[in-house]
Structure formats: C-alpha cells, structure tokens
Amino acid sequence: MATYTAQQKQQEARPSLPHKLTLDERSRLAVTGVTEVVSFDESAVVLKTVKGVLVIRGQQLHLQTLSLDGGQVAVDGTVSSMNYEELRREGGFFSRLFG
C-alpha cells in the first residue's frame, strides 16, 4: 500500500506546469512552473520549481508578482546568477543505498 504526503497529492492534482525563465536586462526575471517560494531577501530568492530548486542571487531583489496558483513569479533587482540545486534524498546511508 503506497502512502503519499500532502505535497505529493497536491502535485498530482495540479496539472503539469510549464517551466520557463525570462530575464530582461538582468533587472527583471519572470519564472513559470513555480510550486513554492522557499525563501527570499534582497540578496537571494529560492524557488521550488517543477524542474528543481532554483536559486537566484543578486542585489536589491524584490518579488513583484507571486501567483502560485498559476506558478508564476516575477523578481526585480540586479540578477547576478541563477542555478539549480540538486535535490538531496532524505534518510540515512542505507535508505539512500537501497532506496
């Protein structure tokens, strides 16, 4: 019998969101396919997307648009980098080994 977390049920109920990044002049970033805003401040914004965790770094970053129902986020400020972090598997050594 399979057990699901609330987040897994929510993701299954939501249709697949397209994921797209659009950066204009390093000052306005539009992201689609966002499922959760993990954290944000003036130097970093961390978003969970359908393609992984996206970390946006820069200066004077502000969330301008936030629509998690549609999976859209807009960030204004000076963007210096964007990168995806690898998702870490939870559990101990043996659970990762025998997964």
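**Notebook: sheet and salt bridges**

I began with Glu36, which at 31% relative accessibility counts as partly exposed; the model I am reading is a predicted one.

I then looked for the charged partner of Glu36 and found that it forms a salt bridge with Lys48, the closest N and O atoms being 3.6 Å apart. Because Glu36 lies in strand β3 and Lys48 in strand β4, I note that the pair ties together parts that are twelve residues apart in sequence. I checked Lys48 as well, and at 24% relative accessibility this residue also counts as partly exposed.

Next I looked up how the two strands meet: β3 and β4 (residues 44-49) run antiparallel and are joined by five bridges. Following Ser39 across to β4, I found Val46 as its bridge partner.

I widened the view to the whole sheet, which is open and built from six strands in the order β1-β2-β6-β5-β4-β3, with antiparallel pairing. I recorded β1 (20-24) and β3 (34-40) as the edge strands, each of which pairs on one side only. From one strand to the next, I read an average twist of 35°.

How many salt bridges does a search of the whole structure find? I noted two, and, having already entered the one between Glu36 and Lys48, I turned to the side chains of Arg28 and Asp76, which meet at 2.8 Å, N to O. Since Arg28 lies in strand β2 (residues 28-32) and Asp76 in strand β6 (residues 72-85), this pair ties together parts that are 48 residues apart in sequence. I closed the entry with their accessibility: Arg28 is partly exposed, with a relative accessible area of 35%, and Asp76, at 22%, counts as partly exposed too.

How values were computed. Residues are numbered from 1 along each chain as its sequence is written. This is a predicted model: local features need pLDDT of at least 70, side-chain atom pairs count only at pLDDT 80 or more; totals for chains, interfaces and linings use all residues. Side-chain values use heavy atoms; hydrogens and water are left out. Two strands pair if DSSP finds at least two bridges between them. Helices (H or I, at least four residues) and strands (E, at least two) are DSSP runs, numbered from the N terminus. Axes are lines fitted to C-alpha atoms, for helices over the stretch in contact, and angles run from 0 to 180 degrees between N-to-C directions. A salt bridge is a side-chain nitrogen of Lys or Arg within 4 Å of a carboxyl oxygen of Asp or Glu. Buried means under 20% relative accessible area, exposed over 50%, partly exposed in between (1.4 Å probe, protein chains only).
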